[in-house]
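Colleague: Thanks for sitting down with me over this one. Could you show me the model, so that we can go through it together?

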Amino acid sequence: MKQTIARIAVVVDDYDKAIDFYTKKLDFLLLEDTDLGDGKRWVIIAPQGSKECALVLAKADGEEQASRVGNQTGGRVFLFLYTDDFWRDYYKMVERGIKISREPEKMPYGMVAVFKDLYGNKWDLLEPNEHDE
């Protein structure tokens with residue numbers, strides 16, 4: 001049996017603002033943006049080179065969902081962005097004004113720093129050791 005996680009929903013407050021951040025600040029690709037009517041859209045983004053998993057940008061619907069924007073995991077790191085060149089991507093993020101919440105550190109599993117997206121969700125930028133990929 002083979003299974004993969006194909007999509008992860010990220011609750012956002014505005015589709016276009018989220019698309020702009022992820023595509024211009026993190027260089028993600030906009031894979032799909034389909035109007036579903038009634039103000040809803042099917043928006044899928046992914047890091048360049050990502051083959052299996054992508055993010056669905058899901059606009060909050062109602063107060064309860066809106067309260068989760070930026071805090072889907074109670075303040076823990078939510079997503080892990082693997083890279084093949086940690087320092088290239090780290091310096092690009094700093095240059096583009098992305099908030100770094102934990103400075104780079106060499107860990108047993110690889111080089112890592114924590115950054116926040118436009119909503120405050122925490123991400124790991126991680127270049128894993130070769131044996132961990």
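Colleague: Lovely, let me start with a single side chain. Is Asn121 buried or exposed?

Modeller: Happy to begin there, bearing in mind that this is a predicted model. Asn121 sits in the loop between E7 and E8. The cut-off for buried is under 20% relative accessible area. Asn121 has 2% relative accessibility, so Asn121 counts as buried.

Colleague: Which backbone nitrogen lies 3.5 Å from a polar atom of the Asn121 side chain?

Modeller: Leaving out residues up to four places away in sequence, Asn121 touches Val10, Gly70, Asn71, Gln72, Phe78, Phe115 and Lys116. One of these residues has its backbone nitrogen 3.5 Å from a polar atom of the Asn121 side chain, and that residue is Asn71.

Colleague: Now the open sheet, please. Which strands stand at its edges?

Modeller: Four strands make up this open sheet, with mixed pairing and the order E1-E4-E3-E2. The strands at the edges each have a single partner strand, so one side of each is left without a neighbour in the sheet: they are E1 (7-12) and E2 (29-37). From one strand to the next, the twist averages 25°.

Colleague: And how many bridges join E1 to E4?

Modeller: Strand E4 covers residues 54-59 and runs parallel to E1. Within this pair, Val11 is opposite Ala58. The number of bridges joining E1 to E4 is six.

Colleague: At about what angle does H1 run to E3?

Modeller: Helix H1, residues 15-24, lies across E1, E2, E3 and E4. Taken against E3, which spans 40-46, the angle is about 10°.

Colleague: On to the largest nonpolar core. Which element gives the largest share of this core?

Modeller: This core has 27 residues, and those touching the most other members are Val10, Tyr22, Leu26, Phe28, Leu57, Phe115 and Trp123. Trp123, for example, has Tyr22, Phe28, Leu55 and Phe115 among its contacts beyond four places in sequence. Elements giving two or more residues to the core include E1, H3, E7 and E8. The largest share is five residues, and it comes from H1.

Colleague: One last thing: how far apart in space are Val69 and Ile45, C-alpha to C-alpha?

Modeller: Val69 belongs to the loop between H2 (63-66) and E5. Beyond its neighbours within four places in sequence, Val69 is in contact with Val11, Val12, Asp13, Ala60 and Tyr119. Val69 and Ile45 are 24 residues apart in sequence, and their C-alpha separation in space is 17 Å.

Technical notes
Residues numbered from 1 in each chain as written. Predicted model: local features only at pLDDT ≥ 70, side-chain atom pairs only at ≥ 80, totals over all residues. Heavy atoms only, no water. Pairing = 2+ DSSP bridges. Axes fitted to C-alpha atoms, helices over the stretch in contact; angles between N-to-C directions. Contact = heavy atoms within 4.5 Å. Core = buried A, V, L, I, M, F, W, Y, C linked by side-chain atoms within 4.5 Å. Buried < 20%, exposed > 50% of the residue type's maximum accessible area, 1.4 Å probe, protein only. Polar contact = N/O pair within 3.5 Å; in protein donor to acceptor, adjacent residues only side chain to side chain.
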